[in-house]
Amino acid sequence: MLREADNYFMKQDEPVKSCLLALREIILHYDENITEAWKYGMPFYCYNKKMCCYLWTHKKYLQPYIGIVEGKRIDHPQLIIEKRARMKIMLFDPEKDIPVKTLKGILKEMVALYR
């Protein structure tokens, strides 16, 4: 039986599905203390049991994104705040390669907030 997070990813259409699955792998393999949980109806990632980021698809742009819970504490040009007070997101074009180096740099800053 698939977990709720697995179901979420499997229900996505390509190429968004592949992009989200790749982002999931990058996040989960970035640090051994990052785990996946199903919260608020979406896949959340926790660092030492504290929610740090999540994956979702932007309703307006229809692009997958990573939401950084404490995003306002990270100053990075690829992170946008939109109308959020605390979180920032990074959009990904599912037709292009994921900028892994940039993403890992953001994950490094994110993890540092929880240490």
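Two strands count as paired here if DSSP finds at least two bridges between them. With that cut-off in hand, here are some close-ups of this predicted model.

**View 1. β4 meets β5.** With 4 bridges, β4 and β5 clear the cut-off, and the pairing is antiparallel. One contact to pick out is Y65, whose bridge partner in β5 is L91.

**View 2. The whole sheet, strand by strand.** Zoom out a bit and you get an open sheet of 5 strands, ordered β1-β2-β3-β4-β5, with antiparallel pairing. β1 (34-39) and β5 (88-91) sit at the edges with a single partner strand each, so one side of each has no neighbour in the sheet. Ignoring direction, neighbouring strands are turned by 30° against each other on average.

**View 3. The β3-β4 hairpin.** Here β3 (residues 50-57) runs antiparallel to β4 (residues 64-68), and the two share 5 bridges. Going along the ladder, T57 faces P64 of β4, and W56 stands opposite Y65 of β4. The hairpin has 6 residues between its strands, and L62 in the turn has a positive phi of about 60°.

**View 4. β4 under cover.** How many residues of β4 are buried? It's 5 of 5, so to speak a strand that is mostly covered. In a regular strand, side chains alternate between the two faces of the sheet. For β4 both faces are covered: P64, I66 and I68 are buried on one side, Y65 and G67 on the other.

**View 5. Two helices across the strands.** Helix α2 (residues 16-30) lies across β1, β2 (42-47), β3 and β4, and runs at about 165° to β3. Helix α3 (residues 100-112) lies across β1, β2, β3, β4 and β5, at about 25° to β4.

**View 6. α3 and its two sides.** The 13 residues of α3 reach 18 Å from first C-alpha to last, close to the 18 Å expected at 1.5 Å a residue. Which residues of α3 are buried? They are L103, I106, L107, M110 and V111. These buried residues cover an arc of only 135° around the axis, which puts them on the same side of α3. K101 and K108, on the other side of α3, are exposed. As for what covers the buried residues of α3, the list includes α2 along with β1, β2, β3, β4 and β5.

Conventions:
Residues are numbered from 1 along each chain as its sequence is written. This is a predicted model: local features need pLDDT of at least 70, side-chain atom pairs count only at pLDDT 80 or more; totals for chains, interfaces and linings use all residues. Side-chain values use heavy atoms; hydrogens and water are left out. Axes are lines fitted to C-alpha atoms, for helices over the stretch in contact, and angles run from 0 to 180 degrees between N-to-C directions. Contact means heavy atoms within 4.5 Å. Buried means under 20% relative accessible area, exposed over 50%, partly exposed in between (1.4 Å probe, protein chains only). The expected span of a helix is 1.5 Å times one less than its number of residues. The arc is that of the directions from the helix axis to the C-beta atoms.
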